[in-house]
Each structure stands twice: as C-alpha cells, then as structure tokens.
Amino acid sequence: MKKIEAIIRKTKFDEVKEALLNSDINWFEYHDVHGIGQSRQDRIYRGVVYSTDIIERVAITIVCRDIFVEPTVDVILKTAQTGEVGDGRIFVSDVIDTWSIRTGEHGDTVLRDKK
C-alpha cells in the first residue's frame with residue numbers, strides 16, 4: 001500500500017477533484033495548507049503590500065494499493081499542471097498497515113478496489 005500526498009494550487013483543486021472522482025478514486029482527504037516558496041518579494045495590489053513568502057495550496061492525501069499508484073499520480077499530474085513555477089509536488093510513501101475501525105479488519109483488503 002502507498003500513501004500519495006499531492007500539494008497543488010487552490011485554483012486547480014476542483015479540476016483535480018473531478019478528475020480523481022471520474023477515475024474511480026472515490027475516497028481522499030484534503031485540507032488547506034500554507035508553505036514558504038522560493039519567491040520572497042513584496043507585491044502591491046490596490047495600495048496594499050502583500051508578501052509572496054506564504055503560498056496557499058491544497059494538500060490531497062490518498063491511500064491505495066500499489067497497482068493504483070501510477071494511474072493516480074498521472075491523473076494529478078495531468079490536471080494540476082499549469083507549466084508555471086509553483087504547480088506543486090507529489091510525494092509517494094509506503095503504508096505499513098491499515099485497519100477498519102468499524103470491522104476491525106486490517107491489511108489492504110480494507111481498501112476498496114476501483115470499479
């Protein structure tokens with residue numbers, strides 16, 4: 001099992017969400033995150049100075065069987081990419097085990113297959 005964590009632009013979240021759901025990835029979690037980017041300059045908009053240090057993004061977390069990692073990453077790459085600096089990152093890590101709280105069952109059988 002693998003955990004896929006993608007940090008993407010907020011403006012691309014709805015598009016990525018729809019693409020994941022259309023690819024039969026029917027469970028994932030997401031939350032707003034803030035990070036520090038490479039660009040460290042102030043910008044002025046309507047007379048107000050804004051710092052570009054802090055970048056607002058959305059983090060998406062998906063746990064899946066190994067065979068679904070590449071198709072899932074491909075969906076995110078295709079829909080989140082703008083070609084500009086700051087498109088985000090995708091991290092893939094191992095998951096040792098998982099349990100269903102409702103049934104007590106554990107292992108990758110807890111994860112649902114794609115349809």
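Strands, like helices, are taken here as runs assigned by DSSP and are numbered from the N terminus, a strand having at least two residues. In this predicted model, strand β5 spans residues 54-64 and provides a convenient thread for the description that follows.

Strand β5 pairs with strand β1, which covers residues 2-9, in the antiparallel sense and over eight bridges. Within this pairing, Lys3 has Val63 of β5 as its bridge partner. Strand β2, made up of residues 29-36, also runs antiparallel to β5 and is joined to β5 by eight bridges, with Gly35 standing opposite Ile55 of β5. In a regular strand, the side chains alternate between the two faces of the sheet.

Thr61 is one of the residues of strand β5. Thr61 counts as buried because its relative accessibility is 9%, where the cut-off for a buried residue is under 20%. When neighbours within four places in sequence are left aside, the residues in contact with Thr61 are Lys3, Ile4, Glu5, Trp27, Phe28 and Glu29.

Strand β5 also takes part in the second largest pocket, where it supplies three residues, the largest share of the lining. The space in this second largest pocket amounts to about 480 Å³. The pocket is lined by 20 residues, of which Asn26, Trp27, Val110, Leu111 and Arg112 are the closest to its centre. By character, the lining of the second largest pocket consists of eight nonpolar, seven charged and five polar residues. Trp27 thus appears both among the contacts of Thr61 and among the lining residues closest to the centre of the pocket.

Terms used
Residues numbered from 1 in each chain as written. Predicted model: local features only at pLDDT ≥ 70, side-chain atom pairs only at ≥ 80, totals over all residues. Heavy atoms only, no water. Pairing = 2+ DSSP bridges. Helix = DSSP H or I, 4+ residues; strand = E, 2+ residues; numbered from the N terminus. Buried < 20%, exposed > 50% of the residue type's maximum accessible area, 1.4 Å probe, protein only. Contact = heavy atoms within 4.5 Å. 1 Å grid on protein atoms, 1.4 Å probe; cavity = no way out; pocket = protein on both sides within 12 Å on 5 of 7 lines; lining within 4 Å. Points joined across faces, edges and corners; volume = space filled by probe spheres on them. Nonpolar A, V, L, I, M, F, W, Y, C, P; charged D, E, K, R; others polar.
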